[in-house]
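Here are some exercises on one protein, each followed by a worked solution. Have the viewer open and try each task before reading on.

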Amino acid sequence: MAKGKRRATGSGWRQAAPLIPLALFASAFTVSATDDPAVATASLEQGLSGGNSVVVPKQPISQPANVPQPGVVGPGVDPGEQPTQVVSGLSRNGIPNAALKAYSRAQQVLAQADPSCHLPWTLVAAIGRVESNHGRFGGNALNSQGVAVPGIYGPRLDGSSGTARISDTDAGAFDGDGAFDRAVGPMQFIPGTWRAMGVDGDGDGVRNPQDIDDAAMSTAVYLCSGNTDLSKASDVNAAVLRYNHSQQYVDLVVSIAKAYAGGSWIAVGNGTSGDDVDDAGQQIGGGDINAPSDKNLPKTIDLPTPPPTVITTPTDERDDTRPTVVPTERPTSKPTSKPTSKPTPGKPTPTKPTSKPTVPTTTTPGVATLTTAVGLIVGTVGSTVGELQTATTYCQSEMAKVTITKPTQDQLQKCVTAYQTGGAKAVDQVIRNLLSLLGLLGVLGGGILGS
């Protein structure tokens, strides 16, 4: 990593250049990054560096960095692993020191090159977790220079088995495949996209997608391209959706980023995940590893919570059958003569409601919400109010079985999300984790959740 006094200026394309197509951006950016490679990086120990290397195009980069893969959210997430398992295992999984510094450097540089973007390192880190488990996918490890060894390569994008079909764009230079492309490196860039906008993030004069410094800085530039403000929930969703065109991918990335922002991370060595940390999703205790003491590590920027598109409070349909009008008239005087026949007894006929009660609904991709005694509970994207009510009722019932009769809003929300994404088994695991945190697993878990 280049040393010395460095800074990143704000005179890049975001401020001055006109809109340009991605093809032209490729050649222009390559010249900027290689003419003076030292200014493309920032050292946590030495500060930022000085010229005009890291620039952010005013036009959003629409070409995806990676493409969805059938059966998985991302290469760094095991097939079948539930989002709640990934998020709950973040601290055990850890972030390698080399990756943590690369993510941190990306935030520092972009804070000067494009301060209006408000890029949080946690968002870059979340993408790194999903794309390659921070450079540790497939038995890889980050070496002392931050390069993934032996190298991370995605599946061949030849259109088979549900994959996208992308013909070779780099003559095999990055992915070793001269016929079709493969996503490469810790941030899993498609070679064509990397050639267009890859950044030399550590100032060594080479744009290497296998280098976490280059890959993380390139991800930062990608996310901030266009008039992006990542302090806005809508911009976060749009930027990550451009990176990988899958809403499921976006939802997991944002969930991980928010967990990192809340402190759910530890720094670990640069070895493979099997060497020094536990894999996310496995219910085993992790070792005691302290977070880095680097005082220059930037403060976490929390991600916004997307507001629900529809906020409705379902009503109890049993109450809707009551008459809306109650008869009040009574006879004002007694009859003057006895009736010749017995009157037919009857009760006043209530006025029927003029219309059936409206059942609250949400539309995909709206987010259903439900007001409970503990606060607002939000459903997964595309779920209906009825499904959210079912999940909430189930969670309250299951938690009551283990004496958690008054769950907090956060506890209930985690349980509901688990039910909607993974069903009863996922709820069972969430409750186990909760009991473990409360110190009750040994007392209650074996009897109630033992199966």
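**Exercise 1. Find the handedness of the link between Cys117 and Cys224, then place both cysteines in the fold.**

Step 1: The link of Cys117 and Cys224 is left-handed, with -85° about the S-S bond. Their sulfur atoms lie 2.0 Å apart, and a disulfide here is a pair of cysteine sulfur atoms within 2.5 Å.

Step 2: Cys117 sits in the loop between H4 and H5, while Cys224 belongs to helix H7, so the bond ties together parts 107 residues apart in sequence. Helices are DSSP runs (H or I, at least four residues), numbered from the N terminus.

Step 3: Cys117 is buried, at a relative accessible area of 0%, and Cys224 is buried with a value of 0% too. Buried means under 20% relative accessible area, with a 1.4 Å probe and protein chains only.

A word on the model before going on: it is predicted, so local features need pLDDT of at least 70 and side-chain atom pairs count only at pLDDT 80 or more, whereas totals for chains, interfaces and linings use all residues. Residues are numbered from 1 along each chain as its sequence is written, and side-chain values use heavy atoms, leaving out hydrogens and water.

**Exercise 2. Work out how many disulfides the structure holds and how the bonded cysteines pair up.**

Step 1: The structure holds 2 disulfides. Besides the link already described, Cys395 and Cys415 are bonded, with 2.2 Å between their sulfur atoms.

Step 2: The link of Cys395 and Cys415 is left-handed, at -95° about the S-S bond. Cys395 lies in helix H11 (residues 385-401) and Cys415 in helix H12 (residues 409-438), so parts 20 residues apart in sequence are tied together.

Step 3: Cys395 counts as buried at 0% relative accessibility, and Cys415 is buried with 0% as well. Numbered in sequence order, the bonded cysteines pair 1-2, 3-4.

**Exercise 3. Identify the residues that touch the most other members of the largest nonpolar core.**

Step 1: A nonpolar core is a set of buried Ala, Val, Leu, Ile, Met, Phe, Trp, Tyr and Cys residues joined through side-chain atoms within 4.5 Å. The largest one has 61 residues, and those touching the most other members are Tyr103, Leu110, Leu119, Met187, Leu223, Leu230 and Tyr243.

Step 2: Helices that each supply at least two residues of this core include H4 (97-113), H7 (212-224) and H9 (247-261).

Step 3: Setting aside residues up to four places away in sequence, Tyr103 touches Ile95, Trp121, Val124, Ala125, Gly128, His134, Met187, Ile212 and Ala216. Contact means heavy atoms within 4.5 Å.

Step 4: A second, separate core has 20 residues, including Ala368, Leu370, Cys395 and Ile404.

**Exercise 4. Is Ala215 buried or exposed, and which residues is Ala215 in contact with?**

Step 1: Ala215 is in helix H7 and is buried, with a relative accessible area of 0%.

Step 2: Beyond neighbours within four places in sequence, Ala215 is in contact with Pro186, Met187, Phe189, Trp194 and Pro209.

Step 3: The C-alpha atoms of Ala215 and Gly198 are 7.3 Å apart, while the two residues are 17 residues apart along the chain.

Notes
Buried < 20%, exposed > 50% of the residue type's maximum accessible area, 1.4 Å probe, protein only.
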